Structures are given as structure tokens and as C-alpha cells.
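Please find below my notes on the model, set out as numbered points for discussion.

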Amino acid sequence: MVTHYSLVIRPANSNSKKLIGCGPFMLVESKNNYVYLKSFSKYFKEHPLIDGVEFWLINSNFKKWLIVPQEKYIQLNNDGIKPIEVARSGAAYLIFNKNKQNPTDMLLINYLKLIFNVADFVSELYQASIPVAYSYFYELSKSLEPVQNKQLVTPSDVSSYIDKPLNLAVFNHPRLIQEALWFKERAAMFKLKIEIITYTFDDDFFKEKILVDADIALAMDVPVTDVELGYLDFLLNKTLLFQRFINTEQTTTIVSLTEEYRAAVSFEQKTTLINQIEDYIKRENILIYLYHPLKHYNIHTFINGVEFDSNGNIALDKLWW
């Protein structure tokens with residue numbers, strides 16, 4: 001709990017006499033084995049969800065009797081820590097470059113969507129241990145049933161349709177490269193050639209060449225805190241792949257829908273517009289959602305009432321001990 005982003009950490013080698021009040025908490029009391037931080041009511045940004053935090057320096061043996069008995073079927077390690085994986089909003093996705101000089105044809109995109117079965121992807125690469133994404137929002141994904149498309153794709157259909165390899169751009173990270181290799185091998189089963197090209201965020205490829213060279217790209221977007229603002233940033237941020245890969249007509253439509261969303265007052269209006277945006281993304285074959293990322297926590301058994309919001313953050317107002 002004390003490592004949560006909305007709290008404050010005191011460095012182990014800090015001099016308590018030189019600490020000053022800043023940020024969402026103010027220093028009220030400091031002793032050799034005790035520090036008390038109180039919520040700062042005049043802080044100019046978002047206020048903490050709790051009134052204060054106490055830090056105690058305690059003997060290491062203290063943890064042995066802090067362990068609260070749990071249900072007998074819950075497996076714990078010797079330190080009384082329970083590992084928890086929480087699905088969050090945001091998604092890994094495969095996006096098509098509509099701004100390339102010769103963009104991937106819609107018929108070929110439909111073939112690719114059939115070939116790259118997301119359920120197989122998650123099952124084979126991650127042993128179905130992560131949730132398949134059918135939307136940017138995890139809660140919405142849970143309510144969406146995958147569309148069963150019975151159209152069959154044969155190697156002859158695809159191989160006669162394309163005469164050059166497709167360039168698949170992927171961030172230079174071992175796990176993401178492994179995902180790209182899965183797509184390459186899957187495409188090869190249908191006589192489709194895919195070339196993997198890697199990029200980093202500080203090279204020229206990500207800035208300019210990706211628009212020229214990449215036909216498709218693997219990427220991930222995870223909202224840091226607020227899911228609503230994170231989604232708008234995902235759709236509208238001109239430095240991200242979504243805005244760089246969609247064409248002018250699609251940009252106009254997305255901007256129009258998001259302006260309606262920001263002007264909406266009721267929850268029902270916002271929900272309707274979110275569904276319209278997500279439906280438009282699917283109808284236009286802009287991208288394929290792959291899976292929702294997981295957030296990992298180690299929860300001590302001393303902490304009870306652990307609940308999570310839609311972004312996988314701990315709901316601090318629900319905790320008790």
C-alpha cells in the first residue's frame with residue numbers, strides 16, 4: 001500500500017530534520033522510528049484517498065504475528081504474501097497502416113484477421129493465462145462475445161493475392177519479438193510472407209520511417225491512471241501509432257466522436273459513444289485487439305478488503321486490517 005503512486009516514500013538515508021512538506025502529503029511528525037504524513041488540503045492537484053499515512057520502523061520478527069489466518073485453500077509463501085494478477089484496461093493490438101503509399105487492401109486485411117486467431121495467439125503464447133481483448137476496456141471485453149466467422153481461408157487464396165512480404169513493425173523487446181515471430185509463423189502456414197522490422201522510441205524509424213515501411217505493427221497501450229483520459233490519449237495523441245496509421249477520413253470520424261464524448265453529461269451517453277467508437281474501429285478494420293495486460297501485486301495477508309478499479313489499481317478506500 002505504501003508503494004502506491006498516490007503516496008510518498010521516505011528515502012532510507014534521508015535526514016528527517018531536513019524534510020519539507022510538498023506534494024499531496026505534508027509532514028506532521030518525525031521521530032527515529034515513526035513518521036506521520038497528513039493529507040495536504042491545499043495541494044493543487046488530486047487529493048489522496050486517505051487522510052494520512054504512518055510509517056513505523058519495526059523489528060523484522062514483527063511480521064510473524066502480523067499474518068492473519070486466511071481460508072485454508074489459499075496458498076501462501078512463508079512470508080504471508082499472496083501474489084495477485086489483475087487484468088486492466090488498455091490492450092496489446094495489431095494495427096494496419098492506412099497511410100502507407102500502397103496500404104494493405106481491405107480484402108487482405110480480412111484474410112489476416114481470419115488467419116491471426118486471437119484465441120490461438122493467447123493460448124499458444126501465454127497458455128491462456130492472460131485475458132483476450134475484444135475492446136480497449138477490460139470490463140467491456142468481458143461482455144463481448146467473439147464473432148464466429150465461418151469463412152475459410154486457403155493458402156491458394158492468399159498466396160495468389162500478394163506478391164511481396166508484409167512488413168511487421170515491433171518494438172525491440174524480447175517478449176514482443178516473440179509475438180511477432182508467432183504471427184510470422186502463422187502467416188507462413190498460408191504462404192504469406194512477413195518480414196519483422198524492429199524499432200525503439202528514440203530512433204528515426206519510429207519517428208518517420210515506420211509510416212513508410214510498416215504495413216502492420218504490434219503495439220500496446222496501457223493508461224497510467226485514469227482510463228477515460230488514457231483512452232482519449234490513445235485515440236488522439238499524434239505521436240502514437242493509432243493517429244499515425246489511420247487515414248484522413250478515419251481521423252475526422254474519430255475526432256468527431258470523441259468531441260461528442262467529451263461533451264456528453266450522462267453515463268448512458270458516454271457508454272453509447274464508447275460503443276460507437278469501438279464499433280467504428282472494428283468496422284473500419286483499423287486494428288485487432290489481442291489481450292489485456294496484467295498488473296502484478298504481492299498482497300500481505302495482514303491487508304484485507306483488497307479490491308481493484310477498472311485500471312487494475314488498488315481501491316484504497318476499501319482496504320482494512
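The points cover the basis of the model, its two sheets, one helix pair and the nonpolar cores.

1. This is a predicted model, in which local features need pLDDT of at least 70 and side-chain atom pairs count only at pLDDT 80 or more, while totals for chains, interfaces and linings use all residues. Residues are numbered from 1 along each chain as its sequence is written, and side-chain values use heavy atoms, with hydrogens and water left out.

2. Three strands, in the order S1-S2-S3, make an open sheet with antiparallel pairing; strands here are DSSP runs (E, at least two residues), as helices are (H or I, at least four), numbered from the N terminus, and two strands pair if DSSP finds at least two bridges between them. Strand S1 (25–30) and strand S3 (52–56) each have a single partner strand and stand at the edges, so one side of each is left without a neighbour in the sheet. The twist from one strand to the next averages 20°. S1 and strand S2 (residues 34–39) run antiparallel and are joined by five bridges, and Met-26 stands opposite Lys-38 in S2.

3. A second open sheet holds five strands in the order S7-S6-S8-S5-S9, with mixed pairing. Its edges are strand S7 (194–199) and S9, each with a single partner strand, so one side of each lacks a neighbour in the sheet. Strand S6 (residues 166–171) and S8 run parallel, joined by three bridges, and Val-170 has Leu-218 in S8 as its bridge partner.

4. Helix H9 (residues 248–263) and helix H10 (residues 267–283) pack at an angle of about 170° with their axes 9 Å apart, where axes are lines fitted to C-alpha atoms, for helices over the stretch in contact, and angles run from 0 to 180 degrees between N-to-C directions. H9 is therefore roughly antiparallel to H10, a term for angles over 145 degrees. Among the residues making the contact (heavy atoms within 4.5 Å) are Ile-254 and Leu-257 of H9 and Leu-273 and Ile-277 of H10.

5. The largest nonpolar core has 34 residues, and those with the most contacts inside it are Tyr-231, Phe-234, Phe-242, Ile-281, Leu-287 and Tyr-289. Such a core is a set of buried Ala, Val, Leu, Ile, Met, Phe, Trp, Tyr and Cys residues joined through side-chain atoms within 4.5 Å, buried being under 20% relative accessible area (1.4 Å probe, protein chains only). Beyond its neighbours within four places in sequence, Leu-287 is in contact with residues including Tyr-93, Phe-234 and Ile-281.

Conventions: Angles under 35 degrees count as roughly parallel, over 145 as roughly antiparallel, 65 to 115 as roughly perpendicular and the rest as oblique. Buried means under 20% relative accessible area, exposed over 50%, partly exposed in between (1.4 Å probe, protein chains only).
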